[in-house]
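Colleague: I would like a close look at one residue of this model, and then at what lies around it. Please go step by step and end with the core of the fold.

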Amino acid sequence: MMMSTLSRYVLQQVGRPMLATLLVAILVLLAERMLRVVDLVIGWRGSLLVIFEMLGYLVPHYMGLALPAAFFIGILMVVSRLSREGELDAIMAAGSGLPQLVRPLAAVAVLLVIVNMALVGFLQPYSRFAYRAAAQAVTNASFLTLLREGVFTSLDRTTAMVTRMSDAKDSFEGIFIFTAAENGDEVAITAATGSVTSAGATAPIEISLTRGVQQAVPARVDDRQPPPDSITLRFGAFQTSVTDRRSGQLAPRGENERELTLTELFAARDDPPPHIDPWEIEAELGGRLVRSLSSPLLPLLAVPLAVGRRRTHRSYGLAIGLAVLIAYNQILAAGERLVDNNEIGAALGLWVPFAVFAGLCFWLYVRRAYGVPRHAGESRLDAALDRLGASLRRVATTR
């Protein structure tokens, strides 16, 4: 009965700061991306609903980053409070120790592995593609939203102007279009009438023109030669694109390894898709697995760091724990980049740091849970900081 009561109490105490930290972390991460989303959507005269839709596609990605960190911070805060207020002493006096304290947290950590696998393995690939498709649709709609009667409108390398347009902006009169290609070719088109045709939100918008003239000026091959002759073409019907050339046609999901699910990554190890190298598959698959499997190690690291000395007036567990977690994430990111560039193997770049991190967590936990504690008193770090503070105060007073 005591174990059940203790487990419920620990989980209730950890749940509140964990959820609060998770909410704050997601809002902060979304706020950073919101600036770019708002700039994209408002720049193309998009609606507020489009902004929330695109931000919603980012939630699975940021949830995968924030969930383990929130769990870790929640454990650090709660165990530190239990130790500081003497509740941990009461728990141990009742016959329970750190293993009993860690047991419900380990169960939650295993559940987090399943949740994280679902996020990074399946939700994130689809949400990433959905975000890219939404951005593509917003960009493709830019021509219709920016175009005004009698006003020259520029979009990337294309400038367009119409003398009259319908209220629905699906038909035009008196059309002028000028496009400068990247290789230096220039094309000017004039037409009496035109209409918009679109194959979908993610397909480039096409303009169907009637009764017009197209004049093309090829780029100079050599500046010392005279300019090439222009080519003039009169047409009865013509079709051209007036969308952002940087967007182009939306590539299908799966042409980037980050948009593949875990099952697709496993299947692609022996037969990778076109334009994706085998080591890129190994880097993406190893990175997802290592980060997901690191969740059960978080309680083993957080609990020893949160249990402080009885007479010390400082607590370094939160700062040290966050520093270790950030350093570990940066090492994994660097290893993933090296594996993705085929400079080292996935075993060395990803699984060796995971093994070192796991060894550090187990060593700290076993040392704190089963080792004999040192005598109470000020830690060496406390004493060193006190000496440093006294030295700084002496220097300040002498000046």
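Modeller: The side chains of Arg288 and Glu284 are joined by a polar contact of 2.9 Å. This is a predicted model, and every value here is computed from it. A polar atom of the Arg288 side chain also lies 2.8 Å from the backbone oxygen of Leu260. Arg288 belongs to helix α7, which covers residues 278-293.

Is Arg288 buried or exposed? Its relative accessible area is 7%. The cut-off for buried is under 20%, so Arg288 counts as buried. The residues it touches can be listed, leaving aside neighbours within four places in sequence. Arg288 is in contact with Val120, Gly121 and Pro125, and also with Glu257, Arg258, Glu259, Leu260, Thr261, Leu262 and Leu265.

One of these contacts, Arg258, leads to the largest pocket. Arg258 is among the residues that lie nearest the centre of that pocket, together with His61, Leu65, Arg291 and Asn329. The pocket holds about 1500 Å³ of space, and 48 residues line it. By type, the lining residues are 24 nonpolar, 12 polar and 12 charged. Helix α7 supplies at least two residues of the lining, and the same holds for α1 (2-43), α2 (48-84), α4 (98-140) and α9 (317-340).

From the pocket we turn to helix α8, residues 298-306. How many of its residues are buried? The count is 9 of 9, so α8 is largely enclosed by the rest of the structure. The buried residues include Leu298, Leu300 and Leu301, as well as the prolines Pro299 and Pro304. Val303 is buried too, and it takes us to the largest nonpolar core.

That core has 55 residues, and Ile75 and Val303 touch the most other members. At least two of its residues come from each of α1, α2, α3 (87-93), α4, α8, α9 and α10 (346-370). The largest share, 15 residues, is supplied by α2. Leaving aside neighbours within four places in sequence, Val303 is in contact with Ile75, Val79, Leu98, Val102 and Leu105. Apart from this core lies another, of 12 residues, which include Leu147, Met165, Ile207 and Leu209.

To go back to the starting point, Arg288 is a buried residue whose side chain has a polar contact with that of Glu284. It sits in α7, one of the helices that help to line the largest pocket.

Methods:
Residues are numbered from 1 along each chain as its sequence is written. This is a predicted model: local features need pLDDT of at least 70, side-chain atom pairs count only at pLDDT 80 or more; totals for chains, interfaces and linings use all residues. Side-chain values use heavy atoms; hydrogens and water are left out. Helices (H or I, at least four residues) and strands (E, at least two) are DSSP runs, numbered from the N terminus. Buried means under 20% relative accessible area, exposed over 50%, partly exposed in between (1.4 Å probe, protein chains only). A polar contact is a pair of N or O atoms within 3.5 Å; within protein, one must be able to donate a hydrogen and the other to accept it, and residues adjacent in sequence count only if both atoms are side-chain atoms. Contact means heavy atoms within 4.5 Å. On a 1 Å grid over the protein atoms alone, a cavity is a set of points where a 1.4 Å probe fits but cannot get out, and a pocket is an open set with protein on both sides within 12 Å along at least five of seven lines; lining residues have an atom within 4 Å of a point. Grid points are joined across faces, edges and corners, and a volume is the space filled by probe spheres set on the points. Ala, Val, Leu, Ile, Met, Phe, Trp, Tyr, Cys and Pro count as nonpolar, Asp, Glu, Lys and Arg as charged, and the others, Gly among them, as polar. A nonpolar core is a set of buried Ala, Val, Leu, Ile, Met, Phe, Trp, Tyr and Cys residues joined through side-chain atoms within 4.5 Å.
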